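Welcome! Have the sequence and the 3D view open side by side, and let us walk through them together.

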Amino acid sequence: MRRFWIHNVLPLVFTAIPILLASMVFAAIPSDARKDYLDRVAVSPIDWIIVGLGLSLFGSQILLMWRSLLWNEREADFNHRADRWLSHLAQAAEWFPLLGLIGTVVAILQTFGAIAPGSKPEPSEIIRKYAPAITATGGGLFMAFINILPTWVVAVSRDLIRSLGGYAPEPETTGEGKK
C-alpha cells in the first residue's frame, strides 16, 4: 500500500504543485489589476502570443512532468525519457520576458508616436496608450515564472520520492549525462 502511495499518488500531487502555484500567484494579483489585464489581453495580439505559447508550453510540461515522475519498476528508477523534452521546454521560458519586452517597446513607440510635436496631451491619454506596455511585460514575466516551475518541481519531487521509498539517491551526473 505504501508503494502505491509513493509511486502513484505522490507523482500526481507533485504534478499539481505548479498549477496550484500559478493559480495562487494569479489570484494574488489585485482584482482591479487582474481585470484590467484580462480586458487588455482580449485586444492585444502580442499578449495572445505570450499567453497562448505560455499556456501551451506549461500544459505540455505538466504532462511531461507526470511522465517523468512515474516510477519504472523494471529499472528501479524514474522514467527519464521525458527529461530531455521537459528541459527544452523549460528553457523556452526564457522567451517570454523577451516577447513581453517586444510588446513593451511597441506600446511605448505607439504612445510617443501619437503625441504630435508641440501638443500637450492629457495624462490620461498617455496612460491609456502606455498601459499595453505594462500588460505585455507582466504577461511575459508571469509565463516565464510558471514555465520554470515544472522542471524544478520534478527535481525536488524525485529526491523526496526516493527518500520516502527508501531508494538510493540518484547517481551523480556529469556534463555528458548519467554515469
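The chain holds six helices and four strands. Here helices (H or I, at least four residues) and strands (E, at least two) are DSSP runs, numbered from the N terminus. Following the sequence, you meet them in the pattern α-α-α-β-β-α-α-α-β-β.

Before going further, keep in mind that this is a predicted model: local features need pLDDT of at least 70, side-chain atom pairs count only at pLDDT 80 or more, and totals for chains, interfaces and linings use all residues. Residues are numbered from 1 along each chain as its sequence is written, and side-chain values use heavy atoms, with hydrogens and water left out.

**The overall outline**

The C-alpha atoms of the chain fit a box of roughly 75 × 35 × 20 Å, taken along the principal axes. The radius of gyration of the chain is 21 Å, whereas a compact globule of 179 residues would have one near 16 Å. That radius is taken over C-alpha atoms, and the globule rule is 2.2 Å times the number of residues to the power 0.38.

Contact means heavy atoms within 4.5 Å. Of the contacts in the chain with a separation of 6 or more, 76% join residues 24 or more positions apart.

The chain exposes about 11000 Å², and carbon and sulfur atoms supply 69% of that area. Accessible areas come from the Shrake-Rupley method with a 1.4 Å probe; for residues, only the protein chains shown count as cover. Buried residues make up 35% of the 179 residues, where buried means under 20% relative accessible area, exposed over 50%, and partly exposed in between (1.4 Å probe, protein chains only).

**Helix 3 and Gln61**

Helix 3 covers residues 45–69, which is 25 residues. From its first C-alpha to its last it reaches 36 Å, close to the 36 Å expected at 1.5 Å a residue. The expected span is 1.5 Å times one less than the number of residues.

Among the buried residues of helix 3 are Ile50, Gly54, Leu57, Phe58, Gln61 and Met65. An α-helix has 3.6 residues a turn, so residues three or four places apart point the same way.

Let us pause at Gln61, which lies in helix 3. Gln61 counts as buried because its relative accessibility is 0%. Leaving aside neighbours within four places in sequence, Gln61 is in contact with Leu86, Leu89, Ala90, Asn147, Pro150 and Thr151.

**Stops along helix 6**

Helix 6 spans residues 123–165 and includes Thr135. Ile126 is also placed in helix 6, and so is Pro132. The table lists the contacts of these residues, not counting neighbours up to four places away in sequence.

| Residue | Contacts (heavy atoms within 4.5 Å) |
|---|---|
| Ile126 | Thr111, Ile115 and Pro121 |
| Pro132 | Arg40 and Ala107 |
| Thr135 | Tyr37, Arg40 and Asp47 |

Is Thr135 buried or exposed? Thr135 is buried, because its relative accessible area is 7%. Pro132 counts as partly exposed at 27% relative accessibility, and Ile126 counts as partly exposed at 29%.

Some distances help you find your way in the view. The C-alpha atoms of Pro132 and Gly59 are separated by 26 Å, with their positions 73 residues apart along the chain. For Ile126 and Arg34, 92 residues apart along the chain, the C-alpha separation is 21 Å.

**One exposed residue**

Finally, turn to helix 4 (residues 83–91), where you will find Arg84. Arg84 counts as exposed because its relative accessibility is 55%. The C-alpha atoms of Arg84 and Phe14 are 19 Å apart.
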